[in-house]
Amino acid sequence: MRRVSLNARRAFDAELSDQVEVALFRFEHSALAAPVLLSTDPTVRLGTDPLTYGTRSAWMGADPATEPYLFVLASAEIPGDQEDAPAAGGLVLENVTNDIATQLRAIGTRATVHMAVVLAATPDVVEVEFRNLKLISAEGDASEVSLAISRQPIEEEYAPMDRMTRDRFPGLHR
């Protein structure tokens, strides 16, 4: 069972609420010079030249002063928690800037994706968190990019994990 703050529960249950849910994404990969940090809400103005907005949060050890989560027009689908299906979610980025698109295209293997849901009023309090998901696919065109995220596919796990040697499995070598 997930623990959710009282403010978040009130916002979820209310018909109308002044609380804004923000999805934070952190993309990590060895091909990237620094993690790509994205936010779904223009919580604060980060700069004027160029005009940029984002969310300042200390989630996952980020320094809010120097590592803000940049606002992008996005639709986010939170991974589900069904027993018979893997935790899979998605993110659709609209009007992607060339910098973000170039960084995401530079990734040749699966990137690690961390996702958190916070409230705009309290960006350091994580309401829901999903760590160590994998970027499964990225498809799109000039107007939008659709990213599918999920756990590491079970089909990619090595089987058998251990070598069937005489020392480790003596019952096989009688």
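**A walk through a ten-strand sheet**

Let's start with a small piece: β3 and β4 form a hairpin, with 2 residues between them. A strand here is a DSSP run of E with at least two residues, a helix is a run of H or I with at least four, and both are numbered from the N terminus. Before going further, please note that this is a predicted model, in which local features need pLDDT of at least 70 and side-chain atom pairs count only at pLDDT 80 or more, while totals for chains, interfaces and linings use all residues. Residues are numbered from 1 along each chain as its sequence is written, and side-chain values use heavy atoms, with hydrogens and water left out.

Back to the hairpin. Strand β3 covers residues 44-48 and β4 covers residues 51-55, and the two pair in the antiparallel sense over 4 bridges. Two strands are said to pair if DSSP finds at least two bridges between them. One of these bridges joins Thr48 to its partner Leu51 in β4. Beyond the hairpin, β4 also pairs in the antiparallel sense with β5 (residues 69-71), over 2 bridges. There, Gly54 has Leu70 of β5 as its bridge partner.

Now step back to the whole chain. The secondary structure comes to 2 helices and 10 strands, and along the sequence the pattern reads α-β-β-β-β-β-β-β-α-β-β-β. The 10 strands form an open sheet with mixed pairing, in the order β3-β4-β5-β2-β1-β8-β9-β10-β7-β6. At the edges are β3 and β6 (73-77), each of which pairs on one side only. From one strand to the next, the twist averages 35°; the strand axes are lines fitted to C-alpha atoms (for helices, over the stretch in contact), with angles from 0 to 180 degrees between N-to-C directions.

At the β6 edge, the neighbour is β7 (residues 89-94), and the pair runs antiparallel over 5 bridges. Here Ala76 stands opposite Leu91 in β7. Further into the sheet, β1 and β2 run antiparallel and are joined by 4 bridges, with Arg26 opposite Leu37 in β2. On its β8 side, β1 pairs in the antiparallel sense over 8 bridges, and Phe27 has Val113 as its bridge partner in β8. Strand β1 is mostly covered, since 6 of its 8 residues are buried. Buried means under 20% relative accessible area, exposed means over 50%, and partly exposed lies in between (1.4 Å probe, protein chains only).

What fills the inside? In soluble globular proteins, nonpolar side chains tend to be buried together. The largest nonpolar core in this model has 21 residues, and those with the most contacts inside it are Phe25, Phe27, Leu38, Val113, Leu147 and Ile149. A nonpolar core is a set of buried Ala, Val, Leu, Ile, Met, Phe, Trp, Tyr and Cys residues joined through side-chain atoms within 4.5 Å. At least two residues of this core come from each of β1 (21-28), β2 (36-39), β7, β8 (112-119), β9 and β10 (144-150). The largest share, 4 residues, is supplied by β9. A second, separate core of 9 residues includes Val22, Trp59, Val118 and Ala120.

Ile149 makes a good place to look around. Leaving aside neighbours within four places in sequence, the contacts of Ile149 include Phe25, Val113, Met115, Leu133 and Ile136, where contact means heavy atoms within 4.5 Å.

Finally, look at the rings. How many aromatic pairs are there? The count comes to 2. Rings of Phe, Tyr and Trp (its six-membered ring) pair if their centres lie within 6.5 Å; planes under 30 degrees apart count as stacked, over 60 as edge-to-face and the rest as tilted. Phe25 and Phe27 have ring centres 6.4 Å apart and planes at 20°, so this pair is stacked. Phe25 is buried at a relative accessible area of 2%, and Phe27 is buried at 1%. Trp59 and Tyr69 form a tilted pair, 6.1 Å centre to centre with 35° between the planes. Trp59 lies in the loop between β4 and β5 and Tyr69 lies in strand β5, so the pair ties together parts that are 10 residues apart in sequence. Trp59 counts as buried at 4% relative accessibility, and Tyr69 counts as buried at 0%.
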